[in-house]
Amino acid sequence: MNNELPLVSIIVPVYKVEKYLNQCVESIINQTYQNLEIILIDDGSPDNCGQLIDDWAKRDERIVALHQKNGGLSAARNTGLDNCHGEWLAFVDSDDYVAKDYIEKMLKAAMRDHTNLVISHYYEVDEISGEQINIKHNPAKVYNIDEFWKLYYSPEKKFVPLVVAWDKLYAREIFEERRYAVGLVHEDEEIIFDIVKNARRISIISNSLYYYRVNRSGSIMAGIHASDKMNQVILEIKKTRTLKLMHDEIWIGAIGATDDLIIDAINSKALFNDAKAREFYSEVIPMAKKNQRILSKHGYKLGEKQRVYLAIPGLICFLKRVKNNFKKIYIAR
């Protein structure tokens, strides 16, 4: 590859990954596509990562080492976005690594399909066992916005590759006026609506090109999946995304989003029934009924289960709560 080909910026937030950083960087500098700008952002890491990225910058002129006070993953990604120069962008988490043709295959797909967002697939690498699991593929094709959201909300889809920041190649203009929300858990879910809207045409390719490390102690995602705070954040993100899909008249996506939101609202109230769950339920059910009326006018129907839930939401909540209480009593016996 020569320097007449597009410059691709690879943004790597770095925090407490001293054990994994060299493998990550080596997988990037050894790409078959060489016209790269590699931005390593030390996000106030308390270990030796800051020195490691400075050493890497001395060894390879394509590497830019940046240092900042700890602000979290989103803040580090934003620093990379603010300082990159490539026509194309990619993100790699610093405890992961990528196939040698990670950039080449995605960039070829973008050029071939005339798309400005490419999504690949990935392997889960178990930190404990060393096992590599090839995650089931989403169908490889070119998607418009409607088709993407239909896949996103379909029961057959594999969700993670569609929403995460990594495993993707982005045209620079996708982030021209958009940045990640700092301090927000599940920032990838919050930004995905605007990414897809700005992309317009999306290539999903069949290749598994990214190696995502799981069961790593100290990971930024470790231990937060059961958090009530995180659950509430996800619910609010889903509600906002549903409103945006309705506003933009992306009806296929709006059906899936509304269906999803009804189930979440019912389950949250039935299982937790705290003040936040009741508030969310009281906001979502009337909103979903309004969406149902609008969608119906345009010839779209919610799912059968969701239509039943909307008809008798209070009764469904009661029955689910009774069932859950019986289950707790049975387990306790």
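**Figure 1. A salt bridge joins glutamate 127 and lysine 19 in this predicted model.** The side chains of glutamate 127 and lysine 19 meet with N and O 3.2 Å apart. The pair links distant parts of the chain, 108 residues apart. Glutamate 127 sits in the loop between strand E6 (117–126) and strand E7 (132–134). Lysine 19 sits in the loop between strand E1 (8–14) and helix H1 (21–29). Glutamate 127 is partly exposed, at 23% relative accessible area. Lysine 19 is exposed, at 66%. Side chains of opposite charge can pair when their charged atoms come close. In total, the structure holds 20 salt bridges.

**Figure 2. Aspartate 248 pairs with lysine 197 in a salt bridge.** The N to O distance is 3.1 Å. Again, distant parts of the chain are linked: aspartate 248 and lysine 197 are 51 residues apart. Aspartate 248 belongs to the loop between helix H8 (228–247) and H9. Lysine 197 belongs to helix H7 (residues 187–199). Aspartate 248 is partly exposed, with 26% relative accessibility. Lysine 197 also counts as partly exposed, with 41%.

**Figure 3. Glutamate 283 and lysine 239 form a salt bridge.** Their closest N and O atoms are 2.5 Å apart. Glutamate 283 lies in helix H10 (residues 275–297) and lysine 239 in helix H8, so the salt bridge ties together parts 44 residues apart in sequence. Is lysine 239 buried or exposed? Lysine 239 counts as buried, at 13% relative accessibility. Its partner, glutamate 283, is partly exposed, at 32% relative accessible area.

**Figure 4. Arg77, Asp93, Glu187 and Asp188 make one salt-bridge network.** Here, salt bridges share partners, and that sharing joins the four residues.

**Figure 5. Helix H5 (residues 145–152) has a set of buried residues.** Which residues of H5 are buried? They are Ile145, Phe148, Trp149, Leu151 and Tyr152. These residues lie on the same side of H5, because they cover an arc of only 155° around the axis. At the start of H5, a side-chain oxygen of asparagine 144 comes to within 3.2 Å of the backbone nitrogen of aspartate 146.

**Figure 6. Trp149 sits in the largest nonpolar core.** This core has 102 residues. Trp149, Tyr170 and Phe175 have the most contacts inside it. Helix H9 (residues 251–271) gives the most to this core, with 9 residues. Leaving aside residues up to four places away in sequence, tryptophan 149 touches Ile192, Phe193, Val196, Arg241, Leu245, Ile250 and Gly253. In soluble globular proteins, nonpolar side chains tend to be buried together.

**Figure 7. Asparagine 325 is a residue of helix H12 (residues 313–332).** Asparagine 325 is partly exposed, at 38% relative accessible area. How many residues separate asparagine 325 from threonine 258 in sequence? The two are 67 residues apart in sequence. In space, their C-alpha atoms are 27 Å apart.

**Figure 8. Residues 219–227 have pLDDT under 50.** For this stretch, the model has 8 contacts beyond four places in sequence. Where pLDDT is low, the predicted coordinates should not be read in detail. For the protein as a whole, pLDDT averages 92. A score of at least 70 is reached by 93% of the residues.

Notes. Residues are numbered from 1 along each chain as its sequence is written. This is a predicted model: local features need pLDDT of at least 70, side-chain atom pairs count only at pLDDT 80 or more; totals for chains, interfaces and linings use all residues. Side-chain values use heavy atoms; hydrogens and water are left out. Buried means under 20% relative accessible area, exposed over 50%, partly exposed in between (1.4 Å probe, protein chains only). Helices (H or I, at least four residues) and strands (E, at least two) are DSSP runs, numbered from the N terminus. The arc is that of the directions from the helix axis to the C-beta atoms. A polar contact is a pair of N or O atoms within 3.5 Å; within protein, one must be able to donate a hydrogen and the other to accept it, and residues adjacent in sequence count only if both atoms are side-chain atoms. A nonpolar core is a set of buried Ala, Val, Leu, Ile, Met, Phe, Trp, Tyr and Cys residues joined through side-chain atoms within 4.5 Å. Contact means heavy atoms within 4.5 Å. pLDDT is the predictor's confidence in each residue, from 0 to 100.
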